[in-house]
Amino acid sequence: MTLLRSGSASDTGLVRSVNQDLAVETPTLFAVADGMGGHAGGEVAARLAVDALAAAFGRQPTGAGLSQAVNEANSVVWEHSRENPELRGMGTTLTAVGLVNEDGHDVLALVNVGDSRSYRFHDGELSQITTDHSLAEEMVRTGELTTAEAAVHPHRHILTRALGVSSDVAVDLWRIQPARGDRYLLCSDGLTNELEPAQISEVLSSVSDPRRAADLLVQAARTHGGSDNITVVVVDVVVGEDVDADAAPVVAAVNSDFAPAAEEAGAGPPGEPEEYPAAVADEKPPGRRERRRAKRRERRIARGRRLITFRTLLFVILLGAVLAGAYYAVDWYDTNSYFVGVNNNELVVYQGRIGGFLWYNPVEVKRTGVTTADVPATYVDALHAGVEESSVASALTYVANLEAAKNCELNPSSGFCAPTPGSSTTSPSTTAGSAPPTTAKAP
Ligand code: MG
């Protein structure tokens, strides 16, 4: 008999505005889904997937049933996406563990699609069971990258498999003999992007309560950046079959029935399941046609993720261009404006807008040496408020004309004024009582 105890925690993180992760905890089924695709799409995809998974597993609680449940979840998300244009392109990762009984023995069935992960913590050592379905991981497998390089590679988030992005999906499946004292960790990439395996191990080895351990792991991921949604499920085997823990094998199979026994399965080590397309996995290895279909599907997913990145980049570039254009327009508007004002009774030419504009304050460019006493009294109030001019030269002409107007007398016969006797001003005459010949705003 096997008895499990679990705890989970989920958090939006410090950067995202919504949490598109989901955790599942039931007595016999545990899962983490990490949704993707637009503002609402990711949440919808994750919810549809876990609900369909739980329902299908409930109908057939076996290893094969869990694998089939993932396929059903994929179909539900895929169909929903096709029927709702606003949700098109949504998808989700899914990793799950189910407790099943086969041939009188308890077995943990573990499935995975995407880059959420499942680990086994056994005897103080953390082992990653699942393999990320990402471009970076593919490059590790082909020897193009090391594991350390993949952890920081820009393509580490580009998925090669996900639920709901195609009509069928290949599911990785493992069967594991539950050993008392073992602890399983299911998590979204929001945890593993922030924490090293040693940091995760430290929490799992020091905190016995699974709920508390899940909480602490989420908090630690937040402390280390929290750049994504963070979701953790910790499952403890509190009562397990009396097996040698070191011999408790993790056996990889792929989207097929469980191997009858570990020894007979002859499967590869944990984390290296082969990839069989769903339609043919039960019977035979994939043919060339199926492999081509799988490759096309992977490229489609990769393109979708890149498209999002390109759109985001385009948006940032356009926003930057608009802001830069607005900045230079304001700058041009301000630096091509002048006015005449008064400073300590002296007329001064300023560059800028009267009273300032946005972040620009007027700058003094020319002191004229002309005081308010040198110009007609009727203009003084306007000068204190500021009189706009189109250039420095125009502003100086305006001041000169004001000074000339002060020093002229009205000729009653001509209607023009002439310089006052003894005045040093040589400015041309102007019509008495009117504004000087300038673009100045009349008071
Ligand atoms: Mg994520």
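Which protein donors hold the magnesium ion, and how far from it do they lie? The views below come from a predicted model, where local features need pLDDT of at least 70, side-chain atom pairs count only at pLDDT 80 or more, and totals for chains, interfaces and linings use all residues. Residues are numbered from 1 along each chain as its sequence is written, and side-chain values use heavy atoms, with hydrogens and water left out.

**View 1. The magnesium ion and its protein donors.** Asp 34 (OD), Asp 189 (OD) and Asp 228 (OD) are the protein donors, sitting 2.1 to 2.3 Å from the metal. A donor here is an N, O or S atom within 2.8 Å of the metal (3.2 Å for Na, K and Ca), and water is not among the atoms, so the site may look incomplete. Along the chain the donors follow the spacing D-x154-D-x38-D. Asp 34 in strand 3 and Asp 189 in helix 5 are 155 residues apart, so this pair ties together distant parts of the chain. Helices (H or I, at least four residues) and strands (E, at least two) are DSSP runs numbered from the N terminus. Both Asp 34 and Asp 189 are buried, with buried meaning under 20% relative accessible area, exposed over 50% and partly exposed in between (1.4 Å probe, protein chains only).

**View 2. The second largest pocket.** Its volume is about 760 Å³, that is, the space filled by probe spheres set on grid points joined across faces, edges and corners. A pocket is an open set of points on a 1 Å grid over the protein atoms alone, where a 1.4 Å probe fits, with protein on both sides within 12 Å along at least five of seven lines; lining residues have an atom within 4 Å of a point. There are 29 lining residues, and Arg 117, Gln 128, Asp 132, Thr 147 and Ala 151 lie nearest the centre. Elements giving two or more residues to the lining include strand 6 (117-122), helix 3 (135-141) and helix 6 (197-206). The lining splits into 10 nonpolar, nine polar and 10 charged residues; nonpolar covers Ala, Val, Leu, Ile, Met, Phe, Trp, Tyr, Cys and Pro, charged covers Asp, Glu, Lys and Arg, and the others, Gly among them, are polar.

**View 3. The largest nonpolar core.** Such a core is a set of buried Ala, Val, Leu, Ile, Met, Phe, Trp, Tyr and Cys residues joined through side-chain atoms within 4.5 Å. This one has 32 residues, and Leu 53, Leu 66, Val 70, Leu 94, Val 111 and Leu 163 touch the most other members. Helix 1 (41-59) and helix 2 (63-83) are among the elements that each supply at least two residues, and helix 1 gives the largest share, nine. Contact means heavy atoms within 4.5 Å. Beyond four places in sequence, Leu 53 touches Leu 29, Ala 31, Leu 66, Ala 69, Val 70, Ala 73, Leu 94 and Ala 96. Another core, of 19 residues, lies apart from it, with Ala 9 and Val 232 among its members.

**View 4. Ser 134 and His 153, two loop residues.** Ser 134 is in the loop between strand 7 (125-128) and helix 3, and counts as buried because its relative accessibility is 3%. Outside four places in sequence, Ser 134 touches Arg 156, Ile 158, Leu 159 and Thr 160. His 153, in the loop between helix 4 and strand 8 (172-176), counts as buried at 16%. With the same sequence neighbours set aside, His 153 contacts Ala 136, Met 139 and Leu 145.
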